[in-house]
Amino acid sequence: MTQMTQTLTTTPPADDLVVPFHCDRCGALAKVRVVLASGSDLVFCGHHAREYEGKLRDIAVDIIETDGEQRISH
């Protein structure tokens with residue numbers, strides 16, 4: 001019988017963690033992030049951002065086009 005030994009490998013910590021955004025409406029990769037006055041946000045794919053654009057402009061503090069990812073720096 002062969003004996004197996006465990007090997008522990010570690011990955012050096014990354015400077016940034018990438019978190020994908022997904023549309024709040026359909027789950028597709030988000031293209032637009034809408035920041036509200038309360039500080040919360042909504043994210044939408046291109047299709048839903050265009051569909052709700054008029055209403056979003058009425059309630060948004062900021063509208064940010066994204067590449068579908070949020071970078072979180074440590």
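This dialogue explains how to read the salt bridges and the largest pocket of a predicted model.

User: How many salt bridges does the structure hold?

Analyst: A salt bridge pairs a side-chain nitrogen of Lys or Arg with a carboxyl oxygen of Asp or Glu within 4 Å. In this predicted model, the structure holds two such pairs. In one of them, Arg 33 is joined to Asp 41, with the closest N and O atoms 2.6 Å apart. The other links Arg 57 with Glu 53, where the closest N and O atoms are 3.1 Å apart.

User: Where do Glu 53 and Arg 57 lie?

Analyst: Both residues belong to helix α2 and stand four residues apart, about one turn of the helix.

User: Is Asp 41 buried, partly exposed or exposed, and why?

Analyst: Exposure is read from relative accessible area: under 20% is buried, and over 50% is exposed. Asp 41 counts as partly exposed because its relative accessibility is 31%. Its partner Arg 33, at 24%, also counts as partly exposed. In the other pair, Glu 53 is partly exposed at 37%, whereas Arg 57 is exposed, with a relative accessible area of 54%.

User: Which residues line the largest pocket?

Analyst: A lining residue has an atom within 4 Å of a pocket point. Here the lining includes Val 32, Val 34, Ile 63 and Glu 65, and also Glu 53 and Arg 57. The volume of this pocket is about 180 Å³.

User: Which elements each supply at least two residues of that lining?

Analyst: They are the strands β2 (32–36) and β4 (60–65), together with the helices α1 (46–51) and α2 (53–59). By class, the lining has five nonpolar, four charged and one polar residue.

How values were computed:
Residues numbered from 1 in each chain as written. Predicted model: local features only at pLDDT ≥ 70, side-chain atom pairs only at ≥ 80, totals over all residues. Heavy atoms only, no water. 1 Å grid on protein atoms, 1.4 Å probe; cavity = no way out; pocket = protein on both sides within 12 Å on 5 of 7 lines; lining within 4 Å. Points joined across faces, edges and corners; volume = space filled by probe spheres on them. Nonpolar A, V, L, I, M, F, W, Y, C, P; charged D, E, K, R; others polar. Buried < 20%, exposed > 50% of the residue type's maximum accessible area, 1.4 Å probe, protein only.
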